[in-house]
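User: Hi! I'd like to walk through this structure with you, one question at a time. Could you begin with a term we will need for the strands?

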Amino acid sequence: QEKSCRLSAALLGEGSEISQEQLYELLKYAALGKCHNAAQPSWCHVYHQRHLAGVVVVVLHEMSQLHFYRFYLQFKHLRKVFRHRFTLTPSANFPVSLYGEGTNLKPQNTPQGLTSPSSECITKSSDLQCDPIIQRYGEKKQGLTSYTLTLEEQKRNDYPIEGSPGCKGYISTECDQQRTDSSPLFGLDCEMCLTAKGNEVTRVSLVDARGRCLLNELVRPESTVVNYRTRFSGITKKMLLPVKTRLSDIQTRLKKMLPHDAVLVGHSLNSDLQALEMIHPSVIDTSLLFARSEGRRFKLKFLAKAVLGKEIQCEQKLGHDPTEDARAALELAQFFIEQGPTKVAELNLEMLLTAEKLAEVSQNKAVLQPQRCGFQEQLNEPPPLSKPCFLDCLKVTGQKPLLLGRQGLDSSGLCQRNLSTSNKQILQRALEDVPLSKFSIIQFSLGPEYIASRLHAGLHEKVRSKLTDMLTIYAGPFEENFCLKSVKKEFGRCGPIQSLTVVTETFQPYVCIQYEVLEAAQLAVESLNGAEVAGSCIKVQRPVTAAMLDCSVLIKELELDVENEGVIYVAGLKKSLTETDLQEEFSQLKDLETLFLPKDLQSGKHRNCCFLKFQKSQSAMDALEAINGWTMKGSELRSRNALAPGHLWRWIWQMNHSDGKQGKHIFYEQMEQLSDSEQDLRKKVKKLDHDIKKLYRSLQNNTLCVVLFPGVNSTHGSQSGLGLMGIKDDEGRSTC
């Protein structure tokens, strides 16, 4: 049964800001798994990566987080489908940040300027026919018995053979049962020291098919040690002094541990078996499995890095770790068996080895000749080797990256503009080609007229103005000599206040309060409108402006936002309460998953509110009923459904603390007619959302989809980007 992939990201917090490097980390792991130094991302977790059907990245060219919230109502599909969002650090060169430096893909342009899987992104089949691996094993995937050494191959490579003159006195493992493709694999590695007798075993490691260590034992040699070879073996005189285990003990233990149909795996395993003085009939030797021409062999250290993405035999360590080496050899054999000869040949290991050697030469030259004439350096120095790109890694693993959009990769790997293609054409090609590709990057754009227009330049102020209006409430009227302290205390129970001013232009005084979070302002409107505060029955309302006419619709949509599902807001907390105190107080609430206690990003002090995330929506609703009216440490609590996701909360805070406008209320006093260009832009954004919806619905289940508003980082200013991500499930939504 196919396993369901899941994505976990601890992004409730303060709206985690993810760097371009962290985004690259996620995409690389999702595309490659544990190969090519790809590791599980540090900021989120992809479950069952091996079962991902594919990775699709949708890039909304030159759009930022501002666009998402300016046109929040128009992005109906994006906000309802993607459960995980994060603020994205803007980059001056987003394509290079996304694809990674050193991209060597040279996709052929179609008449529309698009690239497709038909572009040459993998090693040509004619080249593969000449590969030693294909010549030896053929192209088809086979079972493990096809890769065990024959008796002739064992003789040719100096393996101990029953009845051979040099194997007198050797012990047989007695594993004489018929091997099948389901026979168990065991990784074996030994470390040897030079003694008066020759090479003798001083350490033995055995791991099972899951990589679990079954044996890791020091062995006392029979003869006097002449050279411990500590640099390689890691063995010292001090280590062997208390050791009583002898070779015969190890031989007995191995015979008992290995089942009768066991297949031993190792790198140049003949040396290990010779040192163990043991005979085993069925072996896979990874130094021969990954075949090279002219009898040459790849080193285990290189194969582990190139194929598995693992660093072993590091120089910082004292000698080799036989358990690490045994596990690496085992995993290499498993990779070869699972992927088959063609996939392994497409890794182009010879090319990778050459690149590694060139890099070493380049580094050595830099160390040996630190001061040289610049002109000579230009003449003699080889071109610098760029940082490996995961698209290159995809290419050598046989996967075909798909790049579609108004920008394509040029021969150097950097993006170049080609504005001749429409979103409609891009979508059509994506619907046809994405199912054929394991990794796709699809780029949409609103068009050059909107990127370069004054509308784009003024977007920040419009979003800032609307958010400020939504954070602001007016309350009154009050009596002439009302107690301002009482008003501040009552309204402060709804959440942290950014500023409070008295409005004196009216017949009776009013107060203007700007909150730090949207939930606080909404809670004040809902709970204090018509209430008696400071001796007066007051009305609480938001500013009436052209931009605020759809405020109630926006509030409703924010409540229904998929990222706010199961999240509630709680206010009225005493600032002396710690996160531990709150965890203890709220521990009785059913299905509580996460507690987030906001704090001032400058002072680090906690606010008088928190957010609670529950595993189930119903549990959140039950908690709302239970919490309203609670008294905690003498303070009455108020709560409601969450409105602002974590990343928006952070953006609001930055908005309130930038450009010297802290506490300043901005709103338009006159009704404004929307310009034709902005009305048209809203239509285009709505169409763009519909296009992404259509593309998303066409994706296979278990496809990781990431939608990126890259942000802007130029000489004219910087705007944070936004990322939305999820793994499509059976119901067409993204899973958590």
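Analyst: Happy to! Two strands pair if DSSP finds at least two bridges between them. One thing to keep in mind as we go: this is a predicted model.

User: Thanks! With that in hand, how many residues lie between β19 and β20 in their hairpin?

Analyst: Strands β19 and β20 pair in the antiparallel sense, over 6 bridges. One of the bridges joins Ser 499 to Gln 514 in β20, and another has Val 503 with Tyr 510 as its partner. The two strands form a hairpin, and the number of residues between them is 6.

User: What is the strand order of the open sheet that holds β19 and β20?

Analyst: Besides the pairing of β19 with β20, β20 also pairs with β18 in the antiparallel sense, over 4 bridges. Neighbouring strands here are turned by 20 degrees against each other on average, direction ignored. The sheet is open, with 4 strands and antiparallel pairing, and its order is β19-β20-β18-β23.

User: Which strands stand at the edges of that sheet?

Analyst: An edge strand has a single partner, so one side of it is left without a neighbour in the sheet. Here that description fits residues 497-503 and residues 539-541, which are β19 and β23.

User: Which helix lies across β18, β19, β20 and β23?

Analyst: Let's look at residues 484-492, a helix that runs at about 140 degrees to β19. As for the strands, β20 is mostly covered, with 5 of its 6 residues buried. The helix lying across these strands is α23.

User: Let's zoom in on one residue. Is Ala 475 buried or exposed?

Analyst: Ala 475 is found in strand β18, residues 472-476. Its contacts beyond four places in sequence include Phe 491, Ile 538 and Lys 539. A residue counts as buried under 20% relative accessible area. Ala 475 has 0% relative accessibility, so the answer is buried.

User: Which residue in β20 stands opposite Ala 475?

Analyst: Two of the residues that Ala 475 touches are Tyr 510 and Val 511, and both numbers fall in β20, residues 510-515. The residue standing opposite Ala 475 in that strand is Val 511.

User: What is the strand order of the open sheet that includes β24 and β29?

Analyst: Strand β24, residues 567-571, and β29 pair in the antiparallel sense over 4 bridges, and Tyr 569 stands opposite Arg 640 in β29. The edge strands are β25 (592-596) and β29 (638-641), each pairing on one side only. The sheet has 4 strands with antiparallel pairing, in the order β25-β26-β24-β29.

User: What angle does the direction of helix α24 make with that of β29?

Analyst: Helix α24 spans residues 518-528 and packs on the sheet. It touches β24, β26 and β29. The angle between its direction and that of β29 is about 110 degrees.

User: Now the aromatics. Why is the pair of Phe 68 and Tyr 69 described as edge-to-face?

Analyst: The structure holds 17 aromatic pairs. In the pair of Phe 68 and Tyr 69, the ring centres are 5.0 Å apart, and both residues are buried. Planes over 60 degrees apart count as edge-to-face. These two planes are at 85 degrees, so the pair is edge-to-face.

User: Which other residues join Phe 68 and Tyr 69 in one aromatic cluster?

Analyst: The cluster brings together residues from separate positions in the numbering. Alongside Phe 68 and Tyr 69, its members are Tyr 72, Phe 75 and Phe 709.

User: What is the relative accessible area of Tyr 137?

Analyst: Tyr 137 forms an edge-to-face pair with Tyr 147, at 5.1 Å centre to centre and with 70 degrees between the planes. Tyr 137 is in helix α6, while Tyr 147 is in the loop between α6 and α7. Tyr 147 counts as buried at 2% relative accessibility. Tyr 137 is buried too, and its value is 12%.

User: Last one! How far from the ring centre of Phe 298 is the charged end of Arg 292?

Analyst: There are charges over rings to look at here. The charged end of Lys 728 sits over the ring of Tyr 696, 5.9 Å from its centre. The charged end of Arg 292 sits over the ring of Phe 298, and its distance from the centre is 4.4 Å.

Technical notes. Residues are numbered from 1 along each chain as its sequence is written. This is a predicted model: local features need pLDDT of at least 70, side-chain atom pairs count only at pLDDT 80 or more; totals for chains, interfaces and linings use all residues. Side-chain values use heavy atoms; hydrogens and water are left out. Contact means heavy atoms within 4.5 Å. Axes are lines fitted to C-alpha atoms, for helices over the stretch in contact, and angles run from 0 to 180 degrees between N-to-C directions. Rings of Phe, Tyr and Trp (its six-membered ring) pair if their centres lie within 6.5 Å; planes under 30 degrees apart count as stacked, over 60 as edge-to-face and the rest as tilted. Buried means under 20% relative accessible area, exposed over 50%, partly exposed in between (1.4 Å probe, protein chains only). A charge sits over a ring if NZ of Lys or CZ of Arg is within 6 Å of the ring centre and within 35 degrees of the ring normal.
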